[in-house]
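Here are my notes for reading this one with the viewer open. Take the points in order and click on the residues as you go.

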Amino acid sequence: MILHLHKGTTEEHAQTLAKETKSTISFDGEKYVLVTSSKVKEVPEIAKTLVSESFVTSSDIQLASKEYQQAVRTIQLNDFAIGGTTYNTVMIAGPCSVESEEQIEQAAKLCVELGVKVLRAGAYKPRTSPYTFQGLGLDGLKLLAKMRDKYGLQIITEVRDSTHIDEVIEYADIIQIGAKAMYDHGILRKCGETKKPVLLKRGFGTTLQEFVQAAEFILSGGNPNVILCERGIRTFETKTRFTLDLCGVAWLKQYTNLPVILDPSHAIGYAYGVPDLARACVAMGIDGLLIETHPNPKLAQSDADQQLNFDEFRHLYASLNAVASAVCRKMV
Ligand code: PEP
Ligand code: MN
């Protein structure tokens, strides 16, 4: 159950009540918000005088649930927003990893050329093998920050583990929590302490319930700016890298109030299928797309098979506006 406390409730009272009701506690700038287990269906007697509003939820998907807030959250990204009634579909594009200044600058220039506002690239890569490229680390973050300053782009980059979470929060405009990192509670809790937008990717063996409950750790920590990202789940199929769960996306749109972004690049794992999938995603009426593109995919140090070259990306991007407008959205 979600409990809104009366404005003006002192921190001491709110903290005491949170302890007594075994709730999480956060302050949204106006009031304290306490969240108990969803098994609680009535306002506890000790809370009655302090509670202004209460919301019963059917599972521990609570703050993210439409039972709590029907409208999709609006998330401000620099000079534009997604979610709410914006009907924006944001394009997030760039290579899998920052590899060099020249490479990331080429990607930044492509974004500027096309009007793409958000540049992606990983500096801390959660690789499956310890013997492959692991990312440039802090040097990579600095290169991304340089691109932001030089080209006015928003930067999204991933956090691999909690050892460098502070760095990523400092440098990124949007913090990406990857499919493998989404169970790291150190990361989730730290992301609850900032107000920067967080893109939470679904683990490839994660149910929708577990996925959104991971988002609850961030939301209940006090960060309302969470975006969900479906990037493919593992099925029996081996011809494609993963299976993009579009049914799951329909479910997220129906039952949660969080904006949803789709990542067809990691889902299929092969560049040939990314344009068709990307158009299918946009046709679902989503809040954003994440596409990997590299100046020379064959030479990419991670995810080489799935990255579009720049001409392929240009071609794809040019086709998306018509699809977006068919579902009353616009690409930003
Ligand atoms: C990535 O975005 O490059 C990445 C590693 O994604 P995921 O966490 O979805 O595998
Ligand atoms: Mn990648």
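1. First, a term you'll need: a polar contact is a pair of N or O atoms within 3.5 Å, and inside a protein one of the two must be able to donate a hydrogen while the other accepts it. Keep in mind, too, that this is a predicted model.

2. Let's try the term out on D28. You'll find D28 in the loop between β2 and β3 (32-35). The D28 side chain makes a polar contact with the side chain of K31, at 2.5 Å. A polar atom of the D28 side chain also lies 2.9 Å from the backbone nitrogen of E30. Is D28 buried, exposed or partly exposed? Its relative accessible area is 41%, and partly exposed covers the range between 20% and 50%, so D28 is partly exposed. For a sense of scale, pick G273 as well: D28 and G273 are 245 residues apart along the chain, and their C-alpha atoms are separated by 42 Å.

3. Now compare D263, which sits in the loop between β13 (260-262) and α8 (264-268). Its side chain reaches the backbone nitrogen of S265 at 3.0 Å. With a relative accessible area of 0%, D263 is buried.

4. On to the metal. Which residues are the protein donors of the manganese ion (ligand 2)? They are C96 through SG, H266 through NE2, E292 through OE and D303 through OD, lying 2.1 to 2.4 Å from the ion. Along the sequence, these donor residues follow the spacing C-x169-H-x25-E-x10-D. Look at the last pair in that pattern: E292 belongs to strand β14 (residues 288-292), while D303 is in the loop between β14 and α10 (310-326), eleven residues apart.

5. Stay with those two donors for a moment. E292 has a relative accessible area of 0%, so it counts as buried. What about D303, at 17%? The cut-off for buried is under 20%, so D303 is buried as well.

6. Next, ligand 1. The residues around it are C96, R120, K125, E158, Q176, G178, A179, K201, R231, H266 and E292. You've met some of these names already, because C96, H266 and E292 are also among the manganese donors. As for where the ligand is, ligand 1 sits in the largest pocket.

7. Some distances worth checking yourself around ligand 1: a polar side-chain atom of K125 lies 2.9 Å from one of the ligand's oxygen atoms. A polar side-chain atom of H266 lies 3.0 Å from an oxygen atom of ligand 1. With A179 the partner is a polar backbone atom, 2.8 Å from an oxygen atom of the ligand. How much of ligand 1 does the protein cover? On its own the ligand has 300 Å² of accessible area, and the protein covers 92% of that.

8. Last, a couple of backbone oddities. K22 has a positive phi of about 50° although it is not a glycine. You'll find K22 in the loop between α1 (11-20) and β2 (24-27), and at 73% relative accessibility it counts as exposed. Y87 is another non-glycine with a positive phi, this one about 55°. Y87 lies in the loop between β6 (80-83) and β7 (88-94), and at 44% relative accessibility it counts as partly exposed.

Notes
Residues are numbered from 1 along each chain as its sequence is written. Chains are lettered from A and ligands numbered from 1 in the order in which they are written. This is a predicted model: local features need pLDDT of at least 70, side-chain atom pairs count only at pLDDT 80 or more; totals for chains, interfaces and linings use all residues. Side-chain values use heavy atoms; hydrogens and water are left out. Donors are N, O and S atoms within 2.8 Å of the metal (3.2 Å for Na, K and Ca); water is not among the atoms, so sites may look incomplete. Helices (H or I, at least four residues) and strands (E, at least two) are DSSP runs, numbered from the N terminus. Buried means under 20% relative accessible area, exposed over 50%, partly exposed in between (1.4 Å probe, protein chains only). A residue is near a molecule or strand if one of its heavy atoms lies within 4 Å of it. Accessible areas come from the Shrake-Rupley method with a 1.4 Å probe; for residues, only the protein chains shown count as cover. On a 1 Å grid over the protein atoms alone, a cavity is a set of points where a 1.4 Å probe fits but cannot get out, and a pocket is an open set with protein on both sides within 12 Å along at least five of seven lines; lining residues have an atom within 4 Å of a point. A molecule sits in a cavity or pocket if more than half of its atoms lie within 2 Å of its grid points.
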